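User: Could you take a close look at one part of this model for me, the salt-bridge network, and then set it against the helices around the rest of the chain? Keep it relaxed, but tell me how far I can trust it.

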Amino acid sequence: MSTSAPVDRYFKISERGSTIGREVRGGFATFFAMAYIIVLNPIILGSAKDMYGHQLDGGQLVTATVLTAAFTTLLMGVIGNVPIALAAGLGVNTVVALQLAPRMSWPDAMGMVVLAGFLVMLLVATGLRERVMNAVPLGLRKGIAIGIGLFIMLIGLVDSGFITRMPDLAHTTVPLQLGGNGHLHGWPVLIFVVGVLLTLTLIIRKTPGAILISIVAMTVAGLVVQLITELPATAWGLTVPEWPGNPVAAPDFGLIGQVSLFGGFGKVGMLTGVLFVFTVLLSCFFDAMGTILGVGDEAKLTKPDGSFPGINRVLFVDGMAVAAGGASSSSATTCFVESTAGVGEGARTGLANIVTGGLFAVSLFLTPLATMVPSQAATPALIAVGFLIMAGSVRDIDWNDFTIAVPAFLAMVMMPFTYSITNGIGIGFVAFSVLRLATGRGREVPGAMYVVSAVFVFYYAMPALGLT
């Protein structure tokens, strides 16, 4: 009997029309398509401060990000048996960094992520996850996704120094400006601009691993620039591109388990805390569902009627991943659409995930390489991700039905304009409920949507009522 026979049977490789070679190639392709998160997630989380002014350590964030991606990807391969890799989700890490952390401590914020993961698992176990998903109309879900994409793009522009905040002393109503003083200057901004153009060019040309290639190329360019010009650290902002010496180092697990499950409620109150957990839940919920169904369809794992055999196992692992991300302080972990890179190489089973997860595990020992990447080399990925989210979502909004189009529009613009994903979701939900009622279509709104909208209305009214 061939030594590969047990592996073939367990993962159903032959049954799904694949081979071990294709699965291995697919696993490599997925890893290189999503490896940028090793750099990007620590930059997003590491640039934020909690209410006490504390920042998370960059090296520890790299370890937490990589460890959680490796563990959850392997778990999805073994339990879900699908070629869908997982890592810290872009969008939800922004929620954690810019909405939760400033109102509480980092352990409190990560505790809310863990609670959101527990809720996802509970919804799956009770069969409510798909029902809750169906309560929010597709157009509004897409509007929320686009809003997160625009918010991510704005963060990339700000973190790179391409856009800066206008000082209050300027006595102007314009809040943002180009560059540091109204125009672009300096090598770091040039690195960012070239990085954006390179990233988008590679994506348009459908180059495998486009985002990772751009990050590596612009990091090398940054290293050369810094070596020649010896710019002060303030010119680069978050990270100065300098060779770390030995690229191999023992991982630092200092952030693992630094979680306070309910401490955040004491800081912001019960209602606001519940809304924060709900925001994290929503940020993970629909994105993961769309990714799972999309990758599953491309891998031909869905049946002709659209059903996905074993989807509850996949959804449950996704919920475990959200909680695991909070427990490791790397933010919520979720399914990555970059898994389609592996599917394109022929991956059809969880064996591809074993390869991808193994490569993440090896990356645990290469932290110094990740911590030398300047934000100007990494943030072009945020511009690209924002574009890709919009390009993949805007066509699914029914712009002829204003009771959908207007709430979707409000959700997508309020997120970047108020610098809050929670505000975008809340305003979109309330607008949808009110407009459907006002046009005599109130019966078309699920009861759950009315309940959530009422909670958001009360949330916005709390300051006027003296409850904050």
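Analyst: First, a term: pLDDT is the predictor's confidence in each residue, on a scale from 0 to 100. You'll want it here, since this is a predicted model. The protein averages a pLDDT of 87, and 96% of the residues score at least 70. Among its elements, helix H4 (residues 58–80) has the highest mean pLDDT, 96, while helix H7 (residues 129–135) has the lowest, 68. Where pLDDT is low, the predicted coordinates should not be read in detail.

Now to the network. The count of salt bridges comes to 6, and Asp401, Arg436, Arg441 and Glu444 are linked in a network of them. Let's walk through it pair by pair.

Start with Asp401 and Arg436, whose side chains meet in a salt bridge at 3.2 Å, N to O. This pair ties together distant parts of the chain: Asp401 sits in the loop between H19 and helix H20 (402–418), Arg436 sits in helix H21 (residues 421–438), and 35 residues separate them. Both Asp401 and Arg436 are buried.

Asp401 has a second partner, Arg441, again with the closest N and O atoms 3.2 Å apart. That pair also links distant parts of the chain, with Arg441 in the loop between H21 and helix H22 (447–461) and Asp401 in the loop between H19 and H20, 40 residues apart. How do the two ends compare in cover? Asp401 has a relative accessible area of 16%, so it counts as buried, the cut-off being under 20%. Arg441 comes in at 25%, so it is partly exposed.

The remaining link to describe runs from Arg436 to Glu444, with a closest N to O distance of 3.2 Å. Arg436 counts as buried because its relative accessibility is 7%. Glu444, at 45%, counts as partly exposed. So the network joins two buried residues, Asp401 and Arg436, with the partly exposed Arg441 and Glu444.

On to H19, which comes before the loop that holds Asp401. Helix H19 (residues 380–393) has 14 residues and spans 20 Å from first C-alpha to last, close to the 20 Å expected at 1.5 Å a residue. Its buried residues are Pro380, Ala381, Leu382, Ile383, Ala384, Val385, Gly386 and Ser393. These pack against helix H3 (37–46), helix H8 (138–160), helix H9 (187–204), H10 and helix H18 (375–378).

H10 (residues 210–229) is worth a stop, as it holds Val224. With a relative accessible area of 41%, Val224 is partly exposed. It belongs to a nonpolar surface patch with Val216, Val220, Leu227 and Ile228, and together the five have about 500 Å² of accessible area. As for the spacing in such a run, an α-helix has 3.6 residues a turn, so residues three or four places apart point the same way.

For contrast, try H14 (residues 311–327). Its 17 residues reach 24 Å from first C-alpha to last, close to the 24 Å expected at 1.5 Å a residue. H14 is largely enclosed by the rest of the structure, because 12 of its 17 residues are buried. Among them are Ile311, Val314, Leu315, Val317 and Asp318, along with glycines such as Gly319, Gly325 and Gly326. Just after H14, Ser329 takes a positive phi of about 65 degrees.

How values were computed: Residues are numbered from 1 along each chain as its sequence is written. This is a predicted model: local features need pLDDT of at least 70, side-chain atom pairs count only at pLDDT 80 or more; totals for chains, interfaces and linings use all residues. Side-chain values use heavy atoms; hydrogens and water are left out. Helices (H or I, at least four residues) and strands (E, at least two) are DSSP runs, numbered from the N terminus. Patches are made of residues with over 30% relative accessible area and no salt bridge: like charges are joined within 9 Å, nonpolar side chains (Val, Leu, Ile, Met, Phe, Trp, Tyr) within 5 Å. Accessible areas come from the Shrake-Rupley method with a 1.4 Å probe; for residues, only the protein chains shown count as cover. A salt bridge is a side-chain nitrogen of Lys or Arg within 4 Å of a carboxyl oxygen of Asp or Glu. Buried means under 20% relative accessible area, exposed over 50%, partly exposed in between (1.4 Å probe, protein chains only). The expected span of a helix is 1.5 Å times one less than its number of residues. Contact means heavy atoms within 4.5 Å.
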